[in-house]
Amino acid sequence: MAVASGPYPRPRPAPPEREGLLGWFTTVDHKRIGILYLLTSGVFFLVSGVEALLMRLQLATPEAEFLGPGAYNQLFTMHGTTMIFLVITPLLLGFANYFLPLMIGARDMAFPRLNALSYWLFLFGGLLLHFSFVEGRAPDVGWFAYAPLTERPYTTTSSADYWALGTLVTSIGTIATALNLVVTVLTLRAPGMTWSRVPVFVWMSVFTGLLILWAFPTLTAAQVMLLLDRHLGTDFFKPAEGGDPLLWQHLFWWFGHPEVYIMVLPAFGIISEVIPVFARKAIFGYAFLVTAGALILFYSLLVWAHHMFAVGLSVPVNAFFGAASMIIAVPTGIKVFNWLGTLWGGRIRFTTAMLFALAFIPLFTIGGITGVQFAVVPVDWQTTDTYYVVAHFHYVLGGGSLFAILAGIYYWFPKITGRLLDERLGRWNFWTMFIGFNLTFFPMHFLGLMGMPRRVYTYPDLSGWGALNLAQTVGAGITAVAVLILLWNLYVSLRRGRPAGDNPWDAWTLEWATTSPPPAYNFVAVPVVRSRRPLLQEALPPVRGGAGGDPAAPEAGPALRREAGHGVLERLSPVSLGMLAFISSEVVFFGGLIGTYVWYWDRSLAGPGPEVLDVPLVALFSLALFASSGTLVLAERRLDRGSRRGFRLWLLATIGLGLLFLAGQATEYTSLYREDVRLGTNLFTSAFFTLTGFHAAHVTAGLVSLAALAWLTRPGTGPGLRRGSPAANAISIYWHFVDAVWVVIFSVVYLWTAT
Amino acid sequence: MPTGPNPTRRRLPRGPRWAAVLAAGLVATPACTGRLDGYDPVTSQGETITDLFSLTNVLGLLVALLVAGVLGYVLLRYRARRPGEPSRVHEHRALEITWTATPAVLLAGLFVVTVLVMVDVDEDPPPAENPLLVQVVGNNWWWEFRYPELGVVTANELHVPVGRPIRFEITGDDVIHSFWVPRFGRKMDAIPGRTNVMTVTVEEPGTYQGACTEFCGLQHAWMRILVVAQTPQEFQAWVALQQAPARAPQSDVALQGRAVFLRNTCINCHAIQGTIAQGQVGPDLTHLGSRQILGAGVVPNTPENLKRFIRNAQEVKPGVLMPQFQTLSDEDLEALVAYLEGLE
């Protein structure tokens, strides 16, 4: 039996954790952060549930006056925004935070401190959003905040600002978590855990992470533009100034549709863990399930405009997005059929976790079928923005994601707490939830077909509308009872639940190899993985690691390393990998800004265009920036040769060139402002200053990082940076990226549009 | 299964039976309640779309039955209490190819039909069919319908002739709205700065409900549409009525009401053709008395409601952009309503 040491991630000594309540504020332990994520989003879930119940009460009868339109519009906006940004996404990230390192046999996430920062950003974004209630101006513009409704004068209060800022802060935390998940799986898998042995949940979390990295930045860009519009007088989404409301929709749905898969892929992962364990069979069609996940990741970036079929796009555009949306049904179908294949021939144990996982299949299938109907463009023309679509996405995200989350809670609660949830209460929980959910959301299909639009605070007393709405309100009440049963179950089981032991379900993945709850260091010894179901191995041969490691332990052979799939990416340091992941996200952000510039540069209704730009001057100071990439390469070479002095000199040259570039840009801005070419002058200036300004901010961040490197290697310090320092490498990757972005901006703005 | 709880002691309890009752109930309810307007089109384009909708429903139902059937079979057949070991099969290439290829082929077929239907219903009607142009403008929170070829402007109540293609040119005046009459078979967004085109040919006379479906702010709920589809003769009669300037007041009270209207700020926002009132912000009131609804559907058009609307608009339709005329004397209000309701 091979054992590993050397190149493998050893259990690092656990960072000292504080005791007591303060410990929860200072923790960097992925398990505690995972619990914080789960608890916080649990609280937001209750808030959002109360909002939903209030809406259902208002809608119980026609022309009710329980809530006014103002209150109702705030409730549905906050319900949607909260459920998406603060409940389902972070609940799934919470599970990933807690279990992903355990499932791959790692000590923690790749960047524990960044992990803590992510959580706190998520929390503060959520609190900021909800602070709007205190001001009495909760967002009331819908969770997709369509412009120009969000612009002045249509939204004069700060409600749209709360929405944009709250979700912006939360999104940054989410992006950081995504980056962390991806790098963790790339670099910290236990020895022997090849890509074909990675649990499906981990796969789906990686796909989710990538999707977050590549989807969220356009939302950030759009929110920044909206805030600039509202506060600094730019024209991005103002039709009166030539701004295009459809640009908001494109930027939003580039994020918004992948967001659906961000909330569904990890749910697929949970289902793929729970079903095999309680069917007592290996997952069916592992390779197909994983590949289907990758295809969903890919296709989900190509379907955003299916939310825009009714905006009047041309037939070819609609056809393209219709086709892409239909294609997604194929990998989704593969997953459903493989779960059925897993059940086939098994020995099914009907635990509560399994009941939720089993119910997930038909409920998600219903949502998937109506999803295909929305890809059929003319059917979408009829059903979009009605209760038919409300039914559809609640089947996907409620019957799908939330049922999977509930399966995950019943499945993993014993691991987190060491106690089993009560199965009798669990059964009550399941059946009330199942009945309440369907009674609430199934009639919505019919209401949509009867002609009820979504997002109306009341409705006329048309035949049948009142009865169906009342039935739904009753269903919502039953669902609320289900949630109360769940809370009660959590409470009593936490206090008096049966002790779980390490592996109560006889499961096979690594999180069950350690104690319940796991110790701060997760595993006494790094587990070695020999199959897809490591706990089926006759015994888990432990490898001692860390300070107390067995010096006699034989080295891991190169064979085992190859087996673990340490490819090109995995050979990079986690820091450099993290930087690459971050940059891939930044590419999308700048893509959004550059796309906006291209969309708008010649669409101003009046005022200056790119011809006012001084191309030769900009070319001159651009040369300084381009040259700085060269000097940075020279600096790195010096560091590799061990010449700290040479490194420092070339580094300072790089900083000087960067400053020269910023000075040049400052000159350009000044002379433009003197000619009255300002940020808010027209569409062109809005797009131009926003794009080049954000680039300048990135150059500044790069300069600060380079200055930090220079400071670390100042004369008279100790060894400082080592050769091949991951930090130096990561910062240099970033600097080259900032340079490359300028190559694109210079080509597009100055070489193409200005001449 | 050494330590796990053993929840398989009881057979699947009442749950599934309840679920079956629930499913039957859920499917049966709509049958005994309202009519599915969105599935019962009165336009030729809507018929085509609904046929496609039915096709997707049939396909979807087959998929749902397949999944539910297999799931049901598996859950009954492979319960843990049955003897024997679980199967070790966890791969089956032929099966995987089957359930990848079959949906792909079905979806490819569906896609072809989809494109055909899209092209078909988006087709411009030939000039020979004499399409009627109607400009639809979404406003916060009411609809304006203009018939530029006929010189008619109306609000919230859309009259159309049957059997003749109607070309809607749809735009928004402030924020995005969406023009939806379920029985037309489709909707189209009303976007400021853009004009979208949608053509339908209504085949059956009748009155049909519609509404704005894009959230547009406070009173999105009360931005409803009442469609009156008429035979060509009836439609001609209606047009003739609408083309006439406002009817002169028929009584002294109404005459006084006109004076009230013209000396108040009403004229800043509203137009009454044949008078100096030419405001363009709010609905044209030239033939207000002939309309069935007020405030885009919030109340029926009766003298009582009109009085409430003028005096307490914020109570009738909170957030509406119309000011409240609370300083009007009862007598003036009485007269004003008599005048406006007489504008047929």
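1. Let me start with the fold of chain A: its secondary structure comes to 22 helices and 2 strands, where helices (H or I, at least four residues) and strands (E, at least two) are DSSP runs numbered from the N terminus. The radius of gyration, taken over C-alpha atoms, is 27 Å, close to the 27 Å that the globule rule (2.2 Å times the number of residues to the power 0.38) gives for 755 residues, so chain A is as compact as a globular protein of that length.

2. A word on conventions: this is a predicted model, in which local features need pLDDT of at least 70, side-chain atom pairs count only at pLDDT 80 or more, and totals for chains, interfaces and linings use all residues. Residues are numbered from 1 along each chain as its sequence is written, while chains are lettered from A and ligands numbered from 1 in the order in which they are written.

3. On confidence, chain A averages a pLDDT (the predictor's confidence in each residue, from 0 to 100) of 91, and 93% of its residues score at least 70. Please take care with residues 1-11 of chain A, where the pLDDT is below 50 and the model has 41 contacts beyond near neighbours in sequence; a contact means C-beta atoms, placed from the backbone, within 7 Å. Residues 538-565 of chain A are also below 50, with 60 such contacts. Where pLDDT is low, the predicted coordinates should not be read in detail.

4. Now the interior of chain A. Buried residues (20 or more other C-beta atoms within 10 Å of their own, C-beta atoms being placed from the backbone) make up 61% of the 755 residues. The largest nonpolar core, a set of buried Ala, Val, Leu, Ile, Met, Phe, Trp, Tyr and Cys residues joined through C-beta atoms within 7 Å, has 345 residues; A:Ile271, A:Val274, A:Phe356, A:Phe360 and A:Ala407 touch the most other members. Helix H7 (residues 245-279) of chain A supplies the largest share of this core, 22 residues. Among the residues that A:Val274 touches, beyond four places in sequence, are A:Ala353 and A:Tyr411.

5. Chain B offers an open sheet of 5 strands in the order E4-E10-E9-E6-E7, with mixed pairing; strands pair if DSSP finds at least two bridges between them. Its edge strands are E4 (157-161) and E7 (186-190) of chain B.

6. Finally, 5 bridges join E4(B) to the parallel strand E10 (residues 224-230) of chain B, and B:Pro161 has B:Gln230 as its bridge partner there.

Conventions
Contact = placed C-beta atoms within 7 Å. Buried ≥ 20, exposed ≤ 12 C-beta atoms within 10 Å, placed from the backbone.
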